[in-house]
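Biologist: I am new to this structure and would love a close look at a single part of it. Could you pick a spot and walk me through what meets what there?

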Amino acid sequence: MAARVKRGVSLYSFQEEMFLGQMTIEDCVAFAASIGAKGIEILPEQNMPSFPNIDDRQVAWWKELMAKHGTELTCYDMFLDTKARKDRLMTDDEQVASIRRDLVLCNRLGIRNMRVLVFVRPDILERCVPYAEELDVHMGVEVHSPWHMEHAWILRTVEVADRLGTKHLGLLPDMGIFMKHYPPVYRDRFIRQGARPEVAQFIVDQHEQKIMAEYTIYEVAVKMKGNPAEVRMAETLRHHPYANPKRIRDYIPYFRHIQAKFYEMTEDDRDPTHAYDEVIRELVAGGWDGYLSSEYEGNRWIQDVQVVDSREQVRRQHRMFERLIAQVEGAR
């Protein structure tokens with residue numbers, strides 16, 4: 001049987017409910033399992049109160065939780081606190097030590113993928129490769145908008161991985177780079193903040209035409225005498241260029257995990273923003289058999305006017321995944 005795209009969830013998706021005390025870690029895992037999302041991506045700094053001091057009892061608790069719900073830990077989201085001290089930035093040696101600490105905890109938890117923040121320098125990661133190989137953890141640099149897989153900064157990591165011939169350094173794409181349409185929840189929030197509907201629509205139309213962000217910002221700020229909400233809305237375009245999904249196949253050898261970013265799912269289980277139909281077609285064609293890990297980030301755009309229901313949003317995304325995967329595989 002051909003390899004199949006797998007479905008998972010980042011616990012980041014439930015940050016609203018966890019912050020409000022409406023869901024526990026186990027509630028999140030149990031829900032994910034109930035919709036067939038067997039892969040669980042964690043953020044230790046958010047999900048482990050005693051981080052970075054994790055004892056064997058806590059490691060055992062996580063492993064028992066996975067066994068109980070038939071799930072597995074798929075990815076560890078690391079952070080590098082280069083500004084932990086007020087008087088200076090972390091030295092290179094301190095950065096390497098911090099990353100090694102995270103790799104060790106990954107290994108203890110049985111996790112084989114670590115999301116690396118995009119700002120971590122390639123030369124620092126090169127120094128960490130021997131540790132990643134020893135501990136059998138893949139370091140995937142997060143390809144997060146406004147970067148894309150062919151951005152010069154991202155290609156520096158690819159060059160290091162190729163030069164070292166290592167299978168423990170590569171990329172971890174965030175599907176936000178495939179934002180084909182401007183998010184309706186963004187537009188509506190800016191309108192509530194005072195953006196004129198006609199100016200908001202102008203910005204949406206400019207994004208649809210893929211006009212360079214700086215041109216749109218100039219039009220809104222100077223020619224249209226945009227108010228603060230309108231200028232802020234135009235400035236979001238700087239962070240959301242649209243990458244070409246057709247290039248995914250070229251970089252699949254560098255992937256071990258994918259963050260399936262989304263801001264909103266409609267009632268008919270469609271994402272009005274991201275080109276998931278094109279993305280999944282390329283992943284299946286390229287033989288990808290890793291996890292698509294839901295990363296819901298729409299809460300912050302609607303929490304001023306309605307109750308956030310992260311579970312329903314994630315459930316809808318997974319129904320979309322099931323439909324799209326079945327359609328693509330059925331057409332092969």
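Strand S1 and its neighbours

Modeller: Happy to! Let's begin with one pairing: Arg-7 has Leu-292 in S8 as its bridge partner. Please keep in mind that this is a predicted model. The pairing of Arg-7 with Leu-292 belongs to a longer story, since strand S1, residues 6-10, is joined to strand S8, residues 291-296, by 4 bridges. S1 and S8 run parallel.

Now look at the pairing of S1 with strand S2, which spans residues 39-42. Here too the sense is parallel, and 3 bridges link S1 and S2. To find this pairing on your screen, look for Gly-8, which sits opposite Gly-39 of S2. As for how covered the strand is, 4 of the 5 residues of S1 are buried, so the strand counts as mostly covered.

While you have the model open, here is a helix pair for contrast. Helix H9 covers residues 197-208 and helix H10 covers residues 213-223. Their axes come within 10 Å and cross at roughly 165°. Because of that angle, H9 is roughly antiparallel to H10, and H9 passes H10 in a right-handed crossing. On the H9 side, the residues that take part are Val-199, Phe-202, Ile-203 and Gln-206. They meet Thr-216, Glu-219 and Val-220 of H10. By character, the residues of this H9 and H10 contact comprise 4 nonpolar, 2 polar and 1 charged.

Conventions: Residues are numbered from 1 along each chain as its sequence is written. This is a predicted model: local features need pLDDT of at least 70, side-chain atom pairs count only at pLDDT 80 or more; totals for chains, interfaces and linings use all residues. Side-chain values use heavy atoms; hydrogens and water are left out. Axes are lines fitted to C-alpha atoms, for helices over the stretch in contact, and angles run from 0 to 180 degrees between N-to-C directions. Helices (H or I, at least four residues) and strands (E, at least two) are DSSP runs, numbered from the N terminus. Angles under 35 degrees count as roughly parallel, over 145 as roughly antiparallel, 65 to 115 as roughly perpendicular and the rest as oblique. A crossing is left-handed if the near helix is turned anticlockwise from the far one by less than a right angle, and right-handed if clockwise. Contact means heavy atoms within 4.5 Å. Ala, Val, Leu, Ile, Met, Phe, Trp, Tyr, Cys and Pro count as nonpolar, Asp, Glu, Lys and Arg as charged, and the others, Gly among them, as polar. Buried means under 20% relative accessible area, exposed over 50%, partly exposed in between (1.4 Å probe, protein chains only). Two strands pair if DSSP finds at least two bridges between them.
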